[in-house]
Amino acid sequence: MEKFYITTPIFYVNDKPHLGTAFTVIIADVLARWHRLKKEKVFFLTGTDEHGEKIEKAAKSAGKSTKEFVDSVVLQFKKAWEKLDISYDKFIRTTDPKHEEAVIRFVKLLWNNGDIYKGEYIGWYCVPDETFIADSEVKDEKCPNCGRPVERIKEEAYFFRLSRYKDRLLGFYEKNPDFVIPDFRGKEVINRVKAGLNDLDITRISTTWGIGFPFDKKHTIYVWLDALTNYISALDWPGGEKFDEFWPADLHIVGKDINWFHSVVWPAFLMSAGVSIPKSILVHGWWTVSGAKMSKSLKNIVDPSELTKTYSADGIRYFLLKEKSIWEDGDFSESALASAINGELVSGLGNLVARVTTIAEKFKGDIKGNDEIDEYMYKVCGFDLSSLIKKVDDCLCKTYRTDIALKDIMSAVGCLNKYITDKEPWKLASAELGNVLYNVLEPLRIISIILRSFLPETADSIFSQIGVEPQDLEKAKMEQHFTGKVKRGKNLFRLVEISV
RNA sequence: GUCGGGGUAGUACAGCGGUCAGUACGCUGCCCUCAUGAGGCAGAGGUCGGGAGUUCAAAUCUCCCCCCCGACACCA
């Protein structure tokens, strides 16, 4: 049996989840569900990154102990993912003792390989905020958070010899051209690695909220080394059965902002530790809100848990996955979300199910007959049902174009609606009617199988209305008879009132 | 600055050498009900960023110019 190990980044718990983190998790969920439908052994990992100075500070300003604070934010993440029907297999926390042990083992390997040395970290520091600021963030020697002047400061730190791995990384990228997806993100990485690598600081003395550095008690392991290790510690590395079964990861899904750490730093760490390297890094784009990046200072952060109060999880999932290609940035607005739900889900899929179940429920005869629908669909959409499955599979396993997959599915739905309109089944007598119903219900059953990965709740509801138990992809071909007992249920989607 | 990606109907995009330049949403008019404010038919709307060149033929190839956007080690 094939295995499929897919991960999201672990999310930093200095704040609750936002639309972007939800997007990452939804992509991973759809892929995980698809591979399950293909009867593969799937392990879908998500979790939280809970160490570091920023979290200590966030806890302090929330008036909680650090542990209390992270526990409460983790709960918010778990609740949000539950509302969005995220089917993760494991939720890892970097505060899990097993993870902490694994990180220490991992650092020891890098140390024994001679890749860690003591040096001096020089960076911008904001004294009133007590925070180091990245070079790129500092403008005119001012702190980007508070606007006050920053100082150049030196601090003792341990470094990882990233520079040593330049040639090995370049060789690796050459042998694995699909390591970074899409390829323009791969090119960006390669160009930057060619330009040269600086060693990376992996410890800090400014915080104790983290994993102690085993070779020098004053130091705490810095977030990236701690965080990246989650992908193997979650499999009980070293020595865990799950590790043997699932590693290397098939897909790390990441936002474009953390591509560097996954495509460069993580492989270098693994090379140093002598652990094999994941197969692919899938880098997606961002959601903007009215053209602007979501940020606290603009107060335009979209909270997915809030959205689920007004819109169904499937409506949100549908919109995020089909509105743009996942590589690109795209703009989020509630009016666009609402019009996708009304225009495509309500009047497309919802309408199809409503009309066919209404007619079929009253029909007493056999639902069988010629399968002219494939030919019909080929004429209307340019593909038939079995090539739809193939197209969706390519979109989810090769090109990662969830938008194209959903558009093709919806075009098949549109075709079935058109078929009903053409055939006018409400005017037909028994045998002919059975045939038309067959040509709609069998395809609908197959489409529902496909939809289980994208819109799990909707798919289940269709199965229940057409009287069929939820099925896997192996059942996704036309049978001789349609045997479900159809019973019209409540509408699949609610119309959303659009306020602009 | 270095390296990448783009500029096509109101909007989002497809087409990347050869049928009158397409699709979706929106818009206008008429028609209809099996269905959730659903559906059907018809229609308006673009000198394909600007200029030059290659070619029998260019949105599509080449060159120049203009403008947007992305990566460059905090962030999904």
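**Domain layout and local packing in chain A**

Chain A splits into two domains: domain 1 covers 3-115 + 161-305, and domain 2 covers 331-475. The model is a predicted one, so that caveat goes with everything below. Taken over C-alpha atoms, the domain centres sit 38 Å apart. Where the two domains meet, domain 1 puts in 18 residues and domain 2 puts in 15. On the domain 1 side, α1 (19-37) and β13 (287-289) each contribute at least two residues. The largest share there belongs to α1, with seven residues. Sorted by class, that side of domain 1 has eleven nonpolar residues, alongside three polar and four charged ones.

Zooming out to the whole chain, the secondary structure of chain A adds up to 18 helices and 15 strands. Its radius of gyration comes out at 26 Å, close to the 23 Å that the globule rule gives for 500 residues, so chain A is as compact as a globular protein of that length. Along the principal axes, the C-alpha atoms of chain A take up a box of roughly 85 × 50 × 40 Å. Of the 500 residues in chain A, 44% are buried. As for how contacts are spread along the sequence, take those between residues at least 6 apart: 74% of them link residues at least 24 apart.

Next, a look at one helix pair. Two packed helices are described by the angle between their axes and the distance between the axes. For helix α5 (residues 166-175) and helix α10 (residues 259-273), the axes come within 10 Å and cross at roughly 110 degrees. Since angles of 65 to 115 degrees count as roughly perpendicular, that is the label for α5 against α10. On the α5 side, the contact is made by Arg168, Leu169 and Phe172, while α10 brings Val264, Pro267, Ala268 and Met271. By class, the residues of this α5 and α10 contact are six nonpolar and one charged, with no polar ones.

Finally, a single residue. Leu428 sits in the loop that runs between α16 (402-423) and α17 (430-454). Leu428 has 16 C-beta neighbours inside 10 Å and therefore counts as partly exposed. Leaving aside residues up to four places away in sequence, Leu428 touches Leu433 and Val436. Tyr12 is another story: C-alpha to C-alpha, Leu428 and Tyr12 lie 60 Å apart in space, with a sequence separation of 416 residues.

Notes
Residues numbered from 1 in each chain as written. Chains lettered and ligands numbered in written order. Predicted model: local features only at pLDDT ≥ 70, side-chain atom pairs only at ≥ 80, totals over all residues. Domains from an automatic or database assignment. Contact = placed C-beta atoms within 7 Å. Helix = DSSP H or I, 4+ residues; strand = E, 2+ residues; numbered from the N terminus. Nonpolar A, V, L, I, M, F, W, Y, C, P; charged D, E, K, R; others polar. Rg over C-alpha atoms; globule rule 2.2 N^0.38 Å. Buried ≥ 20, exposed ≤ 12 C-beta atoms within 10 Å, placed from the backbone. Axes fitted to C-alpha atoms, helices over the stretch in contact; angles between N-to-C directions. Parallel < 35°, antiparallel > 145°, perpendicular 65-115°, else oblique.
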